[in-house]
Amino acid sequence: MADKVLMKGNEAIAEAAIIAGCRHYFGYPITPQTEVAAYMAKRMPKIGGCFLQAESEIAAINMVYGVASTGHRVMTSSSSPGISLKGEGLSYLAGADLPALVVNVQRGGPGLGGIQPSQSDYFQATKGAAHGDFHMLVLAPSSVQEMADLTVKGFELADKYRMTSMILADGTMGQMMEPVSLDYKIAPPPEKPWATTGTKLEREHNIVNSLFLVPEKLEEENFKRYEKYKYIEDNETMYEEYMMDDAEICLVAFGIAARVAKNAISEARKAGIKAGLIRPITLWPFPKAVIKAASQKVKAIISVELSMGQMIEDVCLASEGRVPVTLCNRAGGMIPSPKQVLQAIIDANNGGVK
Amino acid sequence: MSTTQFLFAGFGGQGILFSGKFLAYKGLTEDKQVSWLPSYGPEMRGGTASCSVIISDTPVGSPIVSNPDVLVAMNLPSLDRYEDAVVPGGTIYVDSTLIERKVRRTDVTVHYIPATRLANDNNMDTLANMIMVGKLLSEMNEFNEEGINAALSKVISARHADMLEFNLKALKIGSEN
């Protein structure tokens with residue numbers, strides 16, 4: 001195993017992307033993800049790659065579209081307001097079935113908001129990145145190691161399914177340093193016979209396009225895409241279960257919130273309350289089945305979020321009303337404390353009575 | 001099984017983030033679980049800088065240190081802001097050159113180190129932070145040169161290898177004070 005080094009989450013994403021074979025990065029600086037761009041600016045020229053600071057986020061995502069069309073691994077990164085600007089491009093990538101990696105190191109919103117950590121782009125990432133019927137694969141790292149691991153995984157899934165993978169991180173994940181091991185065996189990317197690589201007069205033109213003016217044809221494209229989504233939901237869902245074996249109170253949390261939740265669970269267990277955690281690693285596809293199963297045996301579920309309550313809607317859908325689902329949250333760049341989460345566990349254990 | 005939560009705080013330019021990173025690397029070279037989280041944003045430029053470091057025998061949960069076991073305060077605003085957050089029985093290291101007042105808490109251990117003056121006296125103006133860390137390591141019985149050298153070689157790039165000796169000297173000055 002390779003030596004462990006301390007890296008910032010943002011740097012770990014950048015280095016893992018390079019290891020995964022990404023040689024094209026386009027972006028525009030924004031706190032708290034700027035280290036991704038800074039790292040790429042330093043490294044890409046040394047390895048024959050391309051770092052380009054675009055004139056805007058919109059330009060950057062369209063450069064991603066261009067490189068993705070040629071079949072090369074490509075990425076962009078930003079933080080919340082910048083991701084909103086990329087929305088149109090994300091829809092076009094989906095409509096043209098192009099693989100790409102997009103990183104969102106979230107900050108508080110709405111609007112220009114603030115620069116402190118947040119998870120309030122959950123809806124945007126999992127349900128409504130832009131117009132039209134489409135999904136992205138949404139991966140939610142909860143450690144610096146996972147920032148790297150899920151970047152590699154994100155490229156692999158993107159190529160496998162010809163989709164955009166989004167890393168949905170937050171300011172804490174981007175800024176913190178933890179030990180990382182970047183010891184990957186990278187499989188060669190799959191053949192991309194659809195890529196626009198030049199016909200050399202030996203084949204028909206490949207056309208990358210998201211415009212289908214005949215509604216019957218466009219509907220067919222949508223139906224095909226949703227068959228693929230169904231397959232992904234059945235095969236690519238990832239989650240971690242933590243102390244769920246005997247749990248009576250089930251927390252659901254991802255990213256930094258999951259780490260705070262783990263602290264609170266240790267405290268709750270010391271106080272004799274059997275709490276556990278389901279940590280979605282893929283937010284789309286959402287781990288519905290494991291939450292449904294949990295709802296058949298626990299007393300209550302708590303959704304812990306750095307937002308006004310977004311993932312809780314998916315938790316409610318998955319648990320089908322069997323048990324009470326409550327929200328434990330902070331917003332706008334604030335992070336719930338372990339104490340706050342512990343109190344939510346105690347309240348839930350008392351049947352919601354404070 | 002033990003977990004120690006550190007909070008380093010001072011103003012931008014004092015090497016607050018660097019000293020935290022050094023300590024985290026020292027933990028890493030000794031096979032501990034570690035995390036390092038800086039304050040980021042406009043406050044870094046001229047205002048207060050702080051960083052949370054956790055060193056543990058078990059996986060680190062939240063990397064955010066709200067109630068430190070150990071506070072290293074390198075200016076008055078930092079002591080004012082974080083003194084009450086230290087856990088009862090915790091330890092506060094104060095740069096007594098820059099902080100004239102005494103710690104008001106009576107349920108914590110306090111070490112006053114004139115780190116900035118010691119740094120100036122030894123022609124190492126920028127290394128008051130490492131003098132503080134030297135004291136901290138010696139008080140925690142963690143001052144072993146092997147671990148220190150291993151960590152220093154990780155946080156100081158080869159290009160600045162000449163700084164390694166200076167940092168080691170600063171740590172020693174701190175430990176002997």
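This passage describes a predicted model with two chains, A and B, beginning with each chain as a whole and then turning to the domains, one helix and the contact between the chains.

Chain A contains 12 helices and 14 strands. Its radius of gyration is 21 Å, and because the globule rule gives 20 Å for 354 residues, chain A is as compact as a globular protein of that length. Along the principal axes, the C-alpha atoms of chain A occupy a box of roughly 70 × 50 × 40 Å. Of its 354 residues, 53% count as buried, that is, they have 20 or more other C-beta atoms within 10 Å of their own. Among the contacts in chain A with a separation of 6 or more, 78% are accounted for by residues 24 or more positions apart.

Chain B is built from six helices and six strands, and these follow one another along the sequence in the pattern β-α-β-β-β-α-β-β-α-α-α-α. For the 177 residues of chain B, a compact globule would have a radius of gyration near 16 Å, and the value of 15 Å found for this chain agrees with that expectation. The C-alpha atoms of chain B fill a box of roughly 40 × 40 × 35 Å along the principal axes, and 47% of the residues of the chain count as buried. When contacts in chain B are restricted to residues at least 6 apart in sequence, 57% of them join residues at least 24 apart.

Within chain A, two domains are assigned, of which domain 1 comprises residues 5-188 + 209-235 and domain 2 comprises residues 240-349. The C-alpha centres of these two domains of chain A are 26 Å apart, and the contact between them draws on 27 residues from domain 1 and 22 residues from domain 2. On the domain 1 side, the elements that contribute two or more residues are helix H5 (122-126), strand E6 (137-139), strand E7 (164-170), helix H7 and helix H8 (215-235) of chain A. Of these, H5(A) gives the most, with four residues. By class, the domain 1 side that touches domain 2 of chain A consists of 14 nonpolar, 10 polar and three charged residues.

Helix H12 of chain A, which spans residues 338-349, has 12 residues and reaches 16 Å from its first C-alpha to its last, close to the 16 Å expected at 1.5 Å a residue. The buried residues of H12(A) are A:Pro338, A:Val341, A:Leu342, A:Ala344, A:Ile345 and A:Ala348. Because these residues cover an arc of only 160° around the axis, they lie on the same side of H12(A). The elements that cover them include strand E10 (249-252), helix H9, strand E11 (275-280), strand E13 (300-305) and strand E14 (325-329) of chain A. Just after H12(A), the residue A:Gly351 adopts a positive phi of about 75°.

The contact between the two chains involves 18 residues from chain A and 16 residues from chain B. On the side of chain A that touches chain B, two or more residues are given by each of helix H7 (171-175), strand E8 (177-180) and helix H9 (255-270) of chain A, and the largest share, four residues, comes from H9(A). This side of chain A is made up of nine nonpolar, five polar and four charged residues. Helix H9(A) thus appears in two settings, as part of what covers the buried residues of H12(A) and as a contributor to the side that touches chain B.

Terms used. Residues are numbered from 1 along each chain as its sequence is written. Chains are lettered from A and ligands numbered from 1 in the order in which they are written. This is a predicted model: local features need pLDDT of at least 70, side-chain atom pairs count only at pLDDT 80 or more; totals for chains, interfaces and linings use all residues. Two residues are in contact if their C-beta atoms, placed from the backbone, lie within 7 Å. Ala, Val, Leu, Ile, Met, Phe, Trp, Tyr, Cys and Pro count as nonpolar, Asp, Glu, Lys and Arg as charged, and the others, Gly among them, as polar. The radius of gyration is taken over C-alpha atoms; the globule rule is 2.2 Å times the number of residues to the power 0.38. A residue is buried if 20 or more other C-beta atoms lie within 10 Å of its own, exposed if 12 or fewer, and partly exposed in between; C-beta atoms are placed from the backbone. The expected span of a helix is 1.5 Å times one less than its number of residues. The arc is that of the directions from the helix axis to the C-beta atoms. Domain bounds come from an automatic or database domain assignment.
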